Amino acid sequence: MFLKSVRIIAIPLAVLMLAGFRMPAAEEQAERMLYDVRGAFVTAQPDVSRDLIAGTDILVDSAIRATSRSMMLPRTILTVRLSDTRRSPVLFGHRYSARVMVKVISVGSGEPVAEGEFETSVMSFGKEPADSPLAEKIANRIASEFQLGRPHRAALLTSLASGGAP
């Protein structure tokens with residue numbers, strides 16, 4: 001009898017506590033500051049593959065060139081730094097990962113406006129390095145964060161086939 005009365009009290013109490021909790025709606029999220037990105041400069045630690053650096057640079061530049069803004073925004077340049085690239089064996093291939101630090105620099109003053117970092121990874125089931133897919137994933141993340149146009153993979157393939165930047 002005592003256990004039944006505890007349940008009768010505990011259930012409504014739990015429902016009231018859960019009713020007070022709510023997830024914020026998507027439109028309530030803080031709006032990100034937008035920038036008119038004019039260019040990007042990709043650097044890396046000495047141990048990072050040149051193909052990864054070049055591929056990321058080409059794809060981020062392609063995304064910047066594919067972007068047009070209809071209103072005036074603060075003009076900026078991105079500096080992208082790649083570090084801590086790792087190749088880890090997994091059950092059926094390898095996981096390639098990199099840490100990416102992005103700094104937003106004002107064109108007018110030359111001062112840093114914002115900065116952030118993220119880590120990303122891709123899986124590869126072959127023996128060849130996954131520089132191209134990793135560069136694509138990094139460029140897609142940067143394009144998403146700064147609301148740039150989508151990077152064109154054809155630009156990367158053309159550049160790598162010709163042996164240099166377009």
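Is Y35 buried or exposed? Y35 is buried, with a relative accessible area of 8%. Keep that residue in mind as you go through these close-ups of a predicted model.

**Figure 1. The whole chain has 4 helices and 4 strands.** Following the sequence from start to end, you will meet the pattern α-β-α-β-β-β-α-α. The chain has 166 residues, and 31% of them count as buried. Among contacts with a separation of 6 or more, 64% join residues 24 or more positions apart. The accessible surface comes to about 11100 Å², with 59% of that area belonging to carbon and sulfur atoms.

**Figure 2. Y35 and F146 make up an aromatic pair.** The structure holds 1 such pair. Its geometry is tilted, with 6.4 Å from centre to centre and 45° between the planes. Y35 comes from the loop between α1 (2-19) and β1 (36-44), while F146 comes from the loop between α3 (131-145) and α4 (153-162), so the pair ties together parts that are 111 residues apart in sequence. Like its partner Y35, which is buried, F146 is buried, in its case with a relative accessible area of 13%.

**Figure 3. F146 and its neighbours come into view here.** Leaving aside residues up to four places away in sequence, F146 touches L34, Y35, V37, R69, L78, V102 and V104. F146 also belongs to the largest nonpolar core, a group of 28 residues. Within that core, L82, V102, I138, I142 and F146 touch the most other members. At least two core residues come from each of β1, α2 (50-65), β2, β3 (93-106), β4 (112-124) and α3. The biggest contribution is from α3, which gives 6 residues.

**Figure 4. The charged end of R141 sits over the ring of F118.** If you look for the ring centre of F118, the charged end of R141 is 4.4 Å away from that point.

**Figure 5. R65 and D61 meet in a salt bridge within helix α2.** Here is a bit of background for this view and the next. Side chains of opposite charge can pair when their charged atoms come close. The structure holds 7 salt bridges. In this one, the N to O distance is 3.0 Å. R65 and D61 are 4 residues apart, about one turn of the helix. R65 counts as exposed at 56% relative accessibility, whereas D61 is partly exposed at 30%.

**Figure 6. R99 and E117 form a salt bridge between two strands.** Their side chains meet at 2.8 Å, N to O. R99 lies in strand β3 and E117 in strand β4, so the pair ties together parts that are 18 residues apart in sequence. R99 is partly exposed, with a relative accessible area of 24%. Salt bridges that share partners join R99 and E117 with D84, R86 and E119 in one network.

**Figure 7. R38 and D36 form another salt bridge.** The closest N and O atoms of R38 and D36 are 3.1 Å apart. D36 counts as buried, at 17% relative accessibility.

**Figure 8. D84 and Q147 have positive phi values.** Neither residue is a glycine. Phi of D84 is near 50°, and D84 lies in strand β2 (residues 75-90). Q147 has a phi of about 50°, and its place is in the loop between α3 and α4. D84 counts as partly exposed at 40% relative accessibility, and Q147 is partly exposed with a relative accessible area of 40%.

Terms used: Residues numbered from 1 in each chain as written. Predicted model: local features only at pLDDT ≥ 70, side-chain atom pairs only at ≥ 80, totals over all residues. Heavy atoms only, no water. Phe/Tyr/Trp six-rings, centres within 6.5 Å; stacked < 30°, edge-to-face > 60°. Buried < 20%, exposed > 50% of the residue type's maximum accessible area, 1.4 Å probe, protein only. Lys NZ or Arg CZ within 6 Å of the ring centre and 35° of its normal. Core = buried A, V, L, I, M, F, W, Y, C linked by side-chain atoms within 4.5 Å. Contact = heavy atoms within 4.5 Å. Areas by Shrake-Rupley, 256 points an atom, 1.4 Å probe, with all protein chains shown as cover. Salt bridge = Lys/Arg side-chain N within 4 Å of Asp/Glu carboxyl O.
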